[in-house]
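Student: I am new to this structure and would like a close look at one part of it. Could you take me through the main nonpolar core and what lies around it?

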Amino acid sequence: MRGGEISGEIVMNGKITQFARRSYRLIFLAALLVSFLFSTVGCSMRDQKPDDKAKDGILDIRDRSFEEDGMLPLDGEWKFKWEGDGASEPIEGWMQVPGMWGQKPLKDGTELPSQGRGIYSLTILHSPTDKLLAIRLPNLSTAYNLYVNGQLQFSRGIVGDDREGTTPYQLPAIAYFSGQNGKTELTLEVANYHHRNGGIRTELILGTMSQIQSLRFKLQSQELILFGALAIIGIYHLGLFALRRRESTNLFLALLCFGVACRMASIGEGMFAQWIPSLTWTFALRIEYAAFALSTLFGFTYYQKMYPDEISAKWLRLSAGAGILLAALCVALPPLVFSRYVAAYQIYVIFMSLVCLIGLGRALFHRREGAKLAMVGAVGLVLTVINDIFFYNGWMKSLDLVSWGLLLLILMNSFAISLKFSLTYSRAEQMKTELTEWNHHLEERIAKRTEELQKSYLALEESKIGLERMEQSRRQLISNISHDLRTPITLL
């Protein structure tokens with residue numbers, strides 16, 4: 001009987017292992033496919049030629065065709081005039097674009113502060129065309145006016161000479177203009193008195209109207225898909241928690257999804273600003289920083305609940321205290337103050353990520369369920385976090401990829417939870433099959449056991465009859481012996 005149980009257990013474990021391997025393969029293939037699809041979204045520019053960069057405030061692209069060569073980033077040396085806060089003498093020179101004030105000096109080495117007002121100028125020489133040209137402007141820190149050939153084409157916020165006269169606002173925009181003259185003068189006034197960094201962080205894109213509109217559609221679609229995926233995953237796991245309160249990991253994974261979605265919607269294409277026109281730049285920045293800190297807290301709590309033996313609870317208390325403190329700072333302090341402490345947010349995220357990686361390494365060593373998927377998601381997140389730290393600090397030209405790293409992490413952990421449920425369901429099905437088999441053969445086993453008991457009963461009955469006969473013979477023998485002995489004794 002014990003051998004049958006062992007063999008059944010081996011079969012069940014074999015089926016579960018095979019199922020897990022197939023699940024891992026499908027999950028990794030799906031993740032690779034999604035990564036490939038999203039890596040191609042927004043990649044609408046061809047390779048930029050070395051001569052397609054501005055030099056001394058002039059960009060000569062008369063030998064370039066937008067239809068054949070695609071869109072063009074307006075990178076290079078722009079003419080720059082620094083006006084500061086209006087009290088100091090203006091400084092003229094050449095500024096590298098993209099570049100943030102206080103991080104990239106002028107061409108002559110003059111260093112500028114991060115708060116103030118500057119004017120960028122660029123002359124574009126291009127082939128005359130009857131088509132409308134367009135420029136996509138990213139989020140600039142933190143208010144700007146764009147003039148094309150001396151005429152105001154677009155503005156965000158209110159550009160002033162000081163903090164009181166400036167109203168910050170960030171939202172990508174598109175400016176359209178005619179390209180018939182073959183020469184276009186761009187003037188960009190940028191003012192920043194409310195954020196730690198001022199200037200142009202990411203590149204401006206020049207192309208035809210249809211190309212720029214297509215680029216905007218792709219970028220907005222990309223963020224909408226990402227936002228919808230995070231929201232759906234969050235609602236799904238929130239429902240799982242509502243059905244089974246003991247599984248607190250579902251709650252923290254749902255909160256992580258909502259936190260990442262809120263941060264992503266407050267930056268990039270500015271979905272919150274488009275959906276809520278009354279949303280101020282200050283409130284959106286508070287959402288970004290608070291969601292960044294709280295998402296780290298929720299993610300670390302999720303991992304600690306998933307692998308409590310590998311990640312100590314003391315790290316959870318430390319993470320909770322630091323995360324709540326950082327979230328409170330961005331609510332209580334003005335943006336210019338708490339944005340200067342972005343290094344504290346970045347150190348907090350990196351440190352908690354490293355603790356998670358160490359814990360996941362232990363879980364992987366102990367062969368915990370879902371440890372492989374969790375490790376893949378955590379490594380992807382750490383890489384995107386490092387990328388964004390270099391990007392936001394102006395150390396590298398890149399894109400905001402934290403949202404994609406967090407999506408990979410959430411997908412991997414959602415797969416891990418789903419795999420856990422699937423394995424549990426497979427075990428339950430296997431046990432159900434075994435119980436059905438036991439119940440099917442139960443009558444035969446009972447009949448066989450009853451037959452054995454009846455045989456034993458008959459054997460006992462025969463033994464009882466034999467014992468009674470022996471007892472009767474013993475009594476008869478004793479009676480005969482007593483009679484035989486009594487007669488001689490009487491004669492004597």
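Tutor: Happily! In this predicted model, the largest nonpolar core is made up of 59 residues, and Tyr303, Tyr307 and Ile410 are the ones with the most contacts inside it. Two or more residues of this core come from each of α3 (209-243), α4, α5 (271-275), α6, α7 (313-332), α9, α10 and α11. Of these helices, α6 provides the largest share, 14 residues. As a general background, nonpolar side chains tend to be buried together in soluble globular proteins.

Let's pause at tyrosine 303. Leaving out residues up to four places away in sequence, tyrosine 303 touches Ile311, Cys356, Leu360, Ala374, Ala378, Leu409 and Asn413. Apart from this core there is another one, with 33 residues, including Leu59, Val97, Leu140 and Val148.

Now for the empty spaces. The model has 2 cavities of 30 Å³ or more, and the largest cavity has a volume of about 220 Å³. Its lining consists of 21 residues, and Thr296, Ser353, Leu381, Leu406 and Leu409 lie nearest the centre of the cavity. You have met Leu409 already, as one of the residues that tyrosine 303 touches.

Which helices build this lining? At least two residues each are supplied by α4 (248-266), α6 (281-306), α9 (342-365), α10 (371-392) and α11 (402-440). Helix α6 gives the most here, with 7 residues, and α6 is also the source of the largest share of the core. By type, the lining of the largest cavity divides into 16 nonpolar residues, 4 polar ones and 1 charged one.

For a smaller detail, turn to threonine 249, which lies in helix α4. Is threonine 249 buried or exposed? It counts as buried, because its relative accessible area is 7%, and buried means under 20%. Beyond its neighbours within four places in sequence, threonine 249 is in contact with Tyr302, Lys305 and Met306.

Finally, a word on confidence. The chain has a mean pLDDT of 81, with 86% of its residues at 70 or more. Over residues 1-16, however, pLDDT is below 50, and that stretch has 9 contacts in the model beyond near neighbours in sequence. Residues 40-46 also stay under 50, with 15 contacts beyond four places in sequence. Where pLDDT is low, the predicted coordinates should not be read in detail.

Terms used: Residues numbered from 1 in each chain as written. Predicted model: local features only at pLDDT ≥ 70, side-chain atom pairs only at ≥ 80, totals over all residues. Heavy atoms only, no water. 1 Å grid on protein atoms, 1.4 Å probe; cavity = no way out; pocket = protein on both sides within 12 Å on 5 of 7 lines; lining within 4 Å. Points joined across faces, edges and corners; volume = space filled by probe spheres on them. Helix = DSSP H or I, 4+ residues; strand = E, 2+ residues; numbered from the N terminus. Nonpolar A, V, L, I, M, F, W, Y, C, P; charged D, E, K, R; others polar. Buried < 20%, exposed > 50% of the residue type's maximum accessible area, 1.4 Å probe, protein only. Contact = heavy atoms within 4.5 Å. pLDDT = per-residue confidence, 0-100. Core = buried A, V, L, I, M, F, W, Y, C linked by side-chain atoms within 4.5 Å.
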